[in-house]
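The following exercises concern one molecular structure. Please study the sequence and the model before reading each solution.

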Amino acid sequence: MPPNDRPRSGGLYAQIGLSQPGASTLSTVLRLQDVSCARHGRTVVNGVSLSVEAGQVTLLRGGRGAGKSTLLAIAAAVIRPGAGRVFIAGRDILGLQSSSLPFVRRNVGYLPPEPPLVNDESAIENVMMALAVRGEAIGNARVLAMASLRAVGLPESAAELDVSELSWGERRLVAVARAMVGSPPLIVLDEPAAGLDADDREAVAMAMGVAQSCGSAVICGSADPSFATLLAEAGAQIVELEGGRLVGGPRMTVLRGLRATPAPAPGVISTVDADIDEELDDDDLTQEVDESQELASESTP
Amino acid sequence: MKRAVKRQPAPLLALCGAFALLMMLMGSARLVSQISDSVLPRLAENVHVIAYLQDDMTTDKAHALAEIVSRVPGVEQVRAVGSAEALNRLRAESKSMGGVSAFLSGVEEGFLPRSLEVKLKATNSLSDRATVLAARLRKIPGIAEVDAMEDGLARLRSVLALCKGLGWSLFALALVAGVAVLVLPLIQGRQRRQQEVAVLTLLGETPEGIRRPWAIAGGAAALLGTGLAWMLLWVAHATLSHSLAELLGSWVPGQLPFVPWHEMLGATVIAVIVGAWVGRRAMPSMRGQYA
């Protein structure tokens, strides 16, 4: 599948001085510094520090109530943390006026736990909306949207159907495609493989790889072990979250490079050491969905 | 805006129709008012009360009486008409009807009584004041008979009352239509618009960017509806002018006036502003996610 090789003309990349995708100098697109967040009186995220750089895929793993969805929502500038700082392309998001946040969100492809779609518009039109907001011309937007839908494995025949006529899994693919269309500088995906069959999971993983090769920084939360395996095999960095904290290491954990880097810092689970075969039972997955739904109901307008 | 129109044509059509109805009703009320205003001045040109003097009233007394009546509030003009002048008028009018002047050739000059012709100032209570003045004149010695043209004035009074009632009814209907203009588009398709707002907010559209297309679409719908209303009113006015002139006779000027152009323009501008506001309000408010 051909990658989205549209040259990046500005936006977030211009801010961080990255002129072309795949530049040799890696730059930090997302940096969370000691962020904490409480919901309904319970600390969900506690002192997490995390950096994700351009051209990398990071997988956030964790069991029930680990705080993955909340952390991803903070990374996508959708909810405000109770403490700490959030930097996107070097800009402190918490210091921005609320009128500036839409312009930040345009450069973040976010897949929330329950992604909203416009039911009486077609799949391709839903994907094109992301490009229309960024000012893309209709003709080019249509081409990019179709490419993104193909990349995630949605059949072309389904692209022109109204979303209300699609299955749950197909709607999920549309939402994933919309988050990744045009390879925005930062892509935040919450359970992108939820409810998908093996072929679709593989297609989504490949699409994430394509976005990575275009220079996007991708951070993804998933409780699905098979999906985690796919990502790990593709070279993703894996970060473990438990009880709202990063597991096993100092709070400031910097993830560097791909396979050509030295041994990972203490506390970071490498692709060799990760216990990817750990099984999560159905109750764990249900708890993940419940947490995601709670987050969705609080953050959507 | 194209997406807004393409995806939700029903609320915009409803808005357009509501504005058309509202403007037609308000324009009709204004037209009725215009016609009433044009009829009254014509009515003022006529004589409203004629007081016929007794034969034994002297000329000096007649002039004195005319002077007194002219000072009555609401009286615009009083004119004393002699017997000879009255006969000449009658001959002239009968000549215009054809064939009756021969009948008048044998009438003596002093046959017709002298009279005082009273013209009242043109107001809405013209017929009532004519009746009151006539009753007062009848009590004055030396006046044999008073004609207040009650039949004609009564007819006019009923027509004007009808116009007034029609105007109020149209105004009330216009108020109802106005409420429909505001409420209907806000209700229709709200759920679908809520979905769209949620998606666009997630994708990074600004609140203004979300509402602007709908404001433009609402203003355009109002402009279209208003233009349609003026066009229909113009056609109705042209069609009904002739019938109305026949009904009201000489009380109606040659050409019934339409709504003044500056009022049409002002109403259109206000309609466009209201339409744009309704369009903006049609988009559900977005709670700040980063509050």
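**Exercise 1.** Within what distance do the axes of H7(A) and helix H8 (residues 198–213) of chain A come, and at roughly what angle do they cross?

*Solution.* This is a predicted model, in which local features need pLDDT of at least 70 and side-chain atom pairs count only at pLDDT 80 or more, while totals for chains, interfaces and linings use all residues. Residues are numbered from 1 along each chain as its sequence is written, with chains lettered from A and ligands numbered from 1 in the order in which they are written.

Step 1. Helices (H or I, at least four residues) and strands (E, at least two) are DSSP runs, numbered from the N terminus. Axes are lines fitted to C-alpha atoms, for helices over the stretch in contact, and angles run from 0 to 180 degrees between N-to-C directions.

Step 2. The axes of H7(A) and H8(A) come within 11 Å, and their crossing angle is roughly 5 degrees. H7(A) and H8(A) are therefore roughly parallel (angles under 35 degrees count as such, over 145 as roughly antiparallel, 65 to 115 as roughly perpendicular and the rest as oblique).

Step 3. H7(A) contributes A:Gly169, A:Leu173, A:Val176 and A:Met180 to the contact, and H8(A) contributes A:Asp200, A:Val204, A:Ala207 and A:Ala211. Two residues are in contact if their C-beta atoms, placed from the backbone, lie within 7 Å.

**Exercise 2.** Locate A:Ser183 and A:Ala77, and describe their phi angles and burial.

*Solution.* Step 1. A:Ser183 lies in the loop between helix H7 (168–180) and strand S7 (186–190) of chain A. The loop that holds A:Ala77 runs between helix H2 (68–75) and strand S4 (83–88) of chain A.

Step 2. Most residues other than glycine have a negative phi. A:Ser183, although not a glycine, has a positive phi of about 45 degrees, and A:Ala77, also not a glycine, has a positive phi of about 60 degrees.

Step 3. A residue is buried if 20 or more other C-beta atoms lie within 10 Å of its own, exposed if 12 or fewer, and partly exposed in between, with C-beta atoms placed from the backbone. A:Ser183 has 23 such atoms and is buried; A:Ala77 has 25 and is buried.

Step 4. A:Asn107 and A:Ser183 are 76 residues apart in sequence and 9.1 Å apart in space, C-alpha to C-alpha. A:Asn107 is buried, with 21 other C-beta atoms within 10 Å.

**Exercise 3.** What is the strand order of the open sheet of 4 strands in chain B?

*Solution.* Step 1. The order is S2-S3-S1-S4, with antiparallel pairing (two strands pair if DSSP finds at least two bridges between them). Strands S2 (75–81) and S4 (143–147) of chain B each have a single partner strand, so they stand at the edges with one side lacking a neighbour in the sheet.

Step 2. S1 (residues 49–53) of chain B pairs with S3 (residues 115–120) of chain B over 4 bridges, and S1(B) pairs with S4(B) over 4 bridges. B:Ala51 has B:Leu116 as its bridge partner in S3(B) and stands opposite B:Val146 in S4(B).

Step 3. Side chains alternate along S1(B): B:Val49, B:Ala51 and B:Leu53 point to one face and are buried, whereas B:Ile50 and B:Tyr52 point to the other and are not.

Step 4. Helix H3 (residues 59–70) of chain B lies across S1, S2 and S3 of chain B and runs at about 170 degrees to S2(B).
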